[in-house]
Amino acid sequence: MSLRPWRFIFLEYEPLGYMSTPLDSYDDAVADLDPEPGDLETAELVVSDDALVKAFALGPGAELDAHEHGTSTNVFHVLEGTVTVLQGTEQESIEAPGVVHHERGVAHGAKNETDETVVFTASLCPMPS
């Protein structure tokens, strides 16, 4: 079974004048991400007391070193291109759209083995204390 992330389309809606911008902040957040080959650039999409969603843009040949979060779950959502995801001792090429769940305490990372920039988000929750 192939996992496909849902893409929500939000209409601009102004209840009682409280909201003046669209709900989807992805395009604005990643607009300036343009890494050179071998470089990694990031943007924070959501930061709250209990969750972090961060966008990663990897230029060709770039790598997010393997690391772990002992008290948090991390989920990658591959949005553009093909990302080689590292998890424990395994690695797999995940093509957009794709979702990869990393359990708490499991080492994980990512690398770009293509000639194009790749983009994925990482959702971390709960936030480490």
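This passage walks through the fold of one protein chain, from its overall layout to a few individual residues.

The model is predicted, and it shows a chain of 129 residues. The chain is built from one helix and nine strands. Following the sequence from start to finish, the order of these pieces reads α-β-β-β-β-β-β-β-β-β, so the helix comes before the run of strands by the usual definition of numbering from the N terminus. About burial, 33% of the residues count as buried. The chain exposes about 8,300 Å², and carbon and sulfur atoms supply 51% of that area. Contacts also reach across the sequence: if one takes the contacts with a separation of 6 or more, 59% of them link residues 24 or more positions apart.

The strands are arranged in sheets. One is an open sheet of five strands, in the order β1-β2-β9-β4-β7, with antiparallel pairing. Its edges are β1 (40-47) and β7, each of which pairs on one side only. On average, neighbouring strands here are turned by 20 degrees against each other, with direction ignored. As general background, strands of a sheet pair through backbone hydrogen bonds, either parallel or antiparallel. Inside this sheet, β2 (residues 52-58) and β9 run antiparallel and are joined by seven bridges. To pick out one spot along the sheet, Leu 58 stands opposite Val 118 in β9.

There is also an open sheet of four strands, again with antiparallel pairing, in the order β3-β8-β5-β6. Here β3 (63-67) and β6 stand at the edges; each has a single partner strand, so one side of each is left without a neighbour in the sheet. Neighbouring strands of this four-stranded sheet are turned by 20 degrees against each other on average, direction ignored. On one side of β8, three bridges join this strand to β3, and the two run antiparallel; Glu 63 stands opposite Lys 111 in β8. Strand β8 also pairs with β5 in the antiparallel sense, over four bridges, and Gln 87 has His 108 in β8 as its bridge partner.

What covers the faces of β8? Both faces are covered, and the residues on them are all buried: His 108 and Ala 110 on one side, Gly 109 and Lys 111 on the other. Ala 110, found in strand β8 (residues 108-111), makes a handy example. Why does Ala 110 count as buried? Its relative accessibility is 0%, and buried means under 20%, so Ala 110 falls on the buried side of the cut-off. Not counting residues up to four places away in sequence, Ala 110 touches Leu 58, Glu 63, Leu 64, Phe 76, Val 83, Thr 84, Val 85, Leu 86 and Phe 120. The chain also brings Ala 110 and Asp 65 together in space: they are 45 residues apart along the chain, but their C-alpha atoms are separated by 6.9 Å.

Next come the nonpolar cores. In soluble globular proteins, nonpolar side chains tend to be buried together. The largest nonpolar core in this model has 14 residues, and those with the most contacts inside it are Phe 76, Val 83 and Phe 120. The elements that give two or more residues to this core are β2, β4 (73-80), β5 (82-87) and β9. Its largest share, three residues, comes from β9. Phe 120 has a long list of partners beyond its neighbours within four places in sequence, including Phe 56, Leu 58, Leu 64, Phe 76, Val 83 and Ala 110. A second, separate core of nine residues includes Leu 33, Ala 43, Ala 55 and Ala 57.

Strand β9 holds another residue worth a look, Thr 121. Thr 121 has 6% relative accessibility, so it counts as buried. Leaving out residues up to four places away in sequence, Thr 121 touches Leu 45, Val 53, Lys 54, Ala 55, Val 75, Phe 76, His 77 and Leu 79.

Finally, two peptide bonds are cis. One runs from Ala 96 to Pro 97, with omega near -5 degrees, and Pro 97 lies in the loop between β6 (90-95) and β7 (98-102). The other goes from Cys 125 to Pro 126, with omega near -10 degrees; Pro 126 has its place in the segment after β9 (118-125).

Terms used. Residues numbered from 1 in each chain as written. Predicted model: local features only at pLDDT ≥ 70, side-chain atom pairs only at ≥ 80, totals over all residues. Heavy atoms only, no water. Buried < 20%, exposed > 50% of the residue type's maximum accessible area, 1.4 Å probe, protein only. Contact = heavy atoms within 4.5 Å. Pairing = 2+ DSSP bridges. Axes fitted to C-alpha atoms, helices over the stretch in contact; angles between N-to-C directions. Core = buried A, V, L, I, M, F, W, Y, C linked by side-chain atoms within 4.5 Å. Areas by Shrake-Rupley, 256 points an atom, 1.4 Å probe, with all protein chains shown as cover.
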